[in-house]
Amino acid sequence: MNIHDLEAFVAVVETGSIVGASARLHLTQPGVTRRVQNLEERLGAILLDRQSKPLKPTAAGREAYEHGRRVLRSLEDLKAGVSPQGEVQGEFRLGIMPYLSEAALMQPFDRLRTEFPALTLRVTSGWSPRLVEQVVRSELDAVAVCLADGVPPPESLVCDDLGAQRVLLVAARSLKVPRRPGLEQLSRFPWVMNESGCGFRATIRHRFEAERLPFQVAVEALSVDLRMSLVARGFGIGIVTPAAFAGGAWRDEVGVIASPDFRPCVRAWLLHRAPAGRLARPIAAFREALVEVLREPDSLREP
């Protein structure tokens, strides 16, 4: 089997197109197509559903992709192991959910670039369920996600518990939310939230629904700065991490809501498949740096 053919097939699956694979591998589009066809002939199976847009692997293709990624990773581990410089090289495909992205793409990202300059970082953002699926299928090397407290990650993965993560409820003073509202009082106000798929949004909605109370999302916005700008202007109640609140430009324009019976919380995890191989050190470095930046400021910790 030709390794170049395998690389072309993996690139097509990950980019979703011949065009994308061509750009990644610096090959012509006919060259990529020919390599994929060569692999299909060697395996005696159709690996791509050519009617789908973007291109998706068939059932046989998904199996070939998982094995192929492991083969390519093993080759990268071999190169790194015999490298005279001992540098960690190749790609590190990292998935980060939006809630963690602001923290993860600052000091942890900078640490990876400093300690592993020969490593190419490819970062994907998405909601936790999708990222977990991608790391299980070896489409990503590691993912930083948040799951509802008490919901365990897949047993097939190496799971580093990064600790419980809470959020602050905040609102503009003009919204006139009581200082210590109960859940029923909170249900009377609109909310400014992430798009559907956010773990915190799901946790909050389920809590309201369990009490048979309405949960009205007035505005959906992915950017934390945009959400907090809308909250500061009185569009609704918002949620923000303690760290983001401590450093936010809008912190003087909003107040923290201290609800005695409602403190939404999830648990953060760093997940990857075993063995980590050449990526063991980068994954460990990223985890250490992420734990540090996720540590809640002393001034905002609950007594």
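Contact here means heavy atoms within 4.5 Å, and angles run from 0 to 180 degrees between N-to-C directions. Keep both in mind for the helix-on-sheet stop below. Also remember that you're looking at a predicted model.

**Zoom out first**

Show the whole chain as a cartoon. You should be able to pick out twelve helices and twelve strands. The C-alpha trace spans about 70 × 45 × 35 Å along its principal axes. Of the 303 residues, 47% count as buried. Switch on a surface and you have about 15,400 Å² exposed, with carbon and sulfur atoms supplying 51% of that. As for how the chain folds back on itself, take the contacts with a separation of 6 or more: residues 24 or more positions apart account for 75% of them.

**The five-stranded sheet**

Now select β3, β4, β5, β6 and β12. Together they form an open sheet, and walking across it you meet β4-β3-β5-β12-β6, with mixed pairing. At the edges are β4 (119-125) and β6 (158-166), each of which pairs on one side only. On average, neighbouring strands are turned by 20° against each other, ignoring direction.

Next, add helix α7 (residues 128-136). Which strands does α7 lie across? They are β3 (90-96), β4, β5 (142-148) and β12. Compare the direction of α7 with that of β5 and you get an angle of about 140°.

Stay with the sheet and isolate β6 and β12. This pair is antiparallel and has eight bridges. To see one of them, pick A164, whose bridge partner in β12 is R267.

**H272, in strand β12**

Select H272, which belongs to strand β12 (residues 265-272). Is H272 buried or exposed? H272 has a relative accessible area of 8%, so it is buried. Show the surroundings as sticks: leaving out residues up to four places away in sequence, H272 touches V135, D141, A142, L157, V158 and I283.

**Two cis peptide bonds**

Carry on past β12 to the loop between β12 and α12 (280-294), where P275 lies. The peptide bond from A274 to P275 is cis, with omega near -5°.

For the other stop, jump back to K53 and P54, which are joined by a cis peptide bond with omega about 0°. P54 sits in the loop between β1 (48-49) and β2 (56-57).

**Two positive phi values**

Try H26, in the loop between α2 (18-25) and α3 (29-43). Its phi is near 60°, a positive value in a residue other than glycine. H26 has 72% relative accessibility, so it counts as exposed.

Then go to R212, in the loop between α9 (199-210) and β9 (217-220). What is phi here? For R212 it is near 55°, again positive in a residue other than glycine. R212 counts as exposed because its relative accessibility is 79%.

**Last stop: a nonpolar patch**

Bring the surface back and colour I3, V71, L75 and L78, which make a nonpolar patch of about 290 Å². Helix α4 (residues 59-82) gives the most to this patch, with three residues. I3 comes from helix α1 (residues 3-15). Since its relative accessible area is 32%, I3 is partly exposed. That value matters here because patches are made of residues with over 30% relative accessible area and no salt bridge.

Terms used: Residues are numbered from 1 along each chain as its sequence is written. This is a predicted model: local features need pLDDT of at least 70, side-chain atom pairs count only at pLDDT 80 or more; totals for chains, interfaces and linings use all residues. Side-chain values use heavy atoms; hydrogens and water are left out. Patches are made of residues with over 30% relative accessible area and no salt bridge: like charges are joined within 9 Å, nonpolar side chains (Val, Leu, Ile, Met, Phe, Trp, Tyr) within 5 Å. Accessible areas come from the Shrake-Rupley method with a 1.4 Å probe; for residues, only the protein chains shown count as cover. A salt bridge is a side-chain nitrogen of Lys or Arg within 4 Å of a carboxyl oxygen of Asp or Glu. Helices (H or I, at least four residues) and strands (E, at least two) are DSSP runs, numbered from the N terminus. Buried means under 20% relative accessible area, exposed over 50%, partly exposed in between (1.4 Å probe, protein chains only). Two strands pair if DSSP finds at least two bridges between them.
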